[in-house]
Amino acid sequence: RARVGYPQDFGAAADDASVLRYRKHLRQFVETVRPDLISYDHYHFLKNSDGSQYFLNLALIRRAALEAGKPFLNIIQTCDSPAEGWRGPGENELRWLTYTSLAYGAQGIAHFRYDIGLWKDPATPLPLYWAVSRLNRDFVAVATELQPLTSLGAYHCGQVPQGGHALPSESRFVPDPPSQELLLGYFGKSARRPTHVVVVNLAYRKAVSAALTGPGPMHQFHAPTRTWSAPSPTPRVTLDLPPGGGALLRLRP
């Protein structure tokens, strides 16, 4: 396992030249180090706002990992740092970081803290520990289902962030309304026929109800029990997503 350099800031405009330079750096890193796993970090939650380049970094790492045929791991922000200008994420923000990583094809997450970690002492977990432990179990369950598949695309509905891609007009999975702030991660064994989709609520401050129509009936994955639901009676499924939360669906075999 090796970690790439700190892909924090591409400049105010993140111009094409800086992105191309970083893509070249990633290729050289993989060719030189030959890692079994690519891990990286980018901290999104700032003191008075959110960063603008989280998805740009995530997309660049995803692309480098796919080109190299290697899995990647996202080291996600789990603390504040007044010196760095970060605010401490809460449970909703951690859920958002977890499920956006899954939708982009991450096969692992780690949690960055400056201090003692998620424990006050050897016997007393800090409050955030309980959220992290639940989200970690859900991440492992969903990532295990996706591991035999290939990440085929990550598409943004509504506003498209820097580095993101809009949902194609010929998409196999279509949200209703299409302007809802959702992220769809496509997975499958054939580039032309994604069979699984991770649907993420990009609003980490509120729960949403999201409708998704696919090319056929779908099963929904229940991460805590690692079981699939019975197929939906129609190709349309309604999902109740918590703030920053997500759901894994697959087409009926």
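**Exercises on strand pairing, helix packing and a pocket**

Strand 11 (residues 208-213) pairs with strand 14 in the antiparallel sense over 6 bridges. The model behind these exercises is predicted.

**Exercise 1.** Place strand 11 and strand 14 in their sheet, and find which strands stand at the edges.

*Solution.* Begin with one pair of residues: Thr213 is opposite Arg236 in strand 14. Next, take the strand order, which is 8-11-14 in an open sheet of 3 strands with antiparallel pairing. Strand 8 (174-176) and strand 14 (236-241) each have a single partner strand and stand at the edges, so one side of each has no neighbour in the sheet. Finally, the turn between neighbouring strands of this sheet is 30° on average, direction ignored.

**Exercise 2.** Describe how helix 1 and helix 2 cross, and list the residues that meet.

*Solution.* Two packed helices are described by the angle between their axes and the distance between the axes. Here the axes of helix 1 (residues 16-33) and helix 2 (residues 54-68) come within 10 Å and cross at roughly 40°. The crossing is right-handed. From helix 1, the residues in contact are Val19, Tyr22, Arg23, Leu26, Arg27 and Val30; from helix 2, they are Leu56, Leu60, Ile61, Arg63, Ala64, Glu67 and Ala68. Sorted by class, this contact has 9 nonpolar, no polar and 4 charged residues.

**Exercise 3.** Give the volume of the largest pocket and the residues closest to its centre.

*Solution.* The largest pocket holds about 400 Å³ of space. Its lining comprises 20 residues, of which Phe55, Trp96, Pro161, Glu181 and Leu202 are the closest to the centre. By class, the lining has 9 nonpolar, 8 polar and 3 charged residues.

Definitions and conventions:
Residues numbered from 1 in each chain as written. Predicted model: local features only at pLDDT ≥ 70, side-chain atom pairs only at ≥ 80, totals over all residues. Heavy atoms only, no water. Axes fitted to C-alpha atoms, helices over the stretch in contact; angles between N-to-C directions. Helix = DSSP H or I, 4+ residues; strand = E, 2+ residues; numbered from the N terminus. Left-handed = near helix turned anticlockwise from the far one by under 90°. Contact = heavy atoms within 4.5 Å. Nonpolar A, V, L, I, M, F, W, Y, C, P; charged D, E, K, R; others polar. 1 Å grid on protein atoms, 1.4 Å probe; cavity = no way out; pocket = protein on both sides within 12 Å on 5 of 7 lines; lining within 4 Å. Points joined across faces, edges and corners; volume = space filled by probe spheres on them. Pairing = 2+ DSSP bridges.
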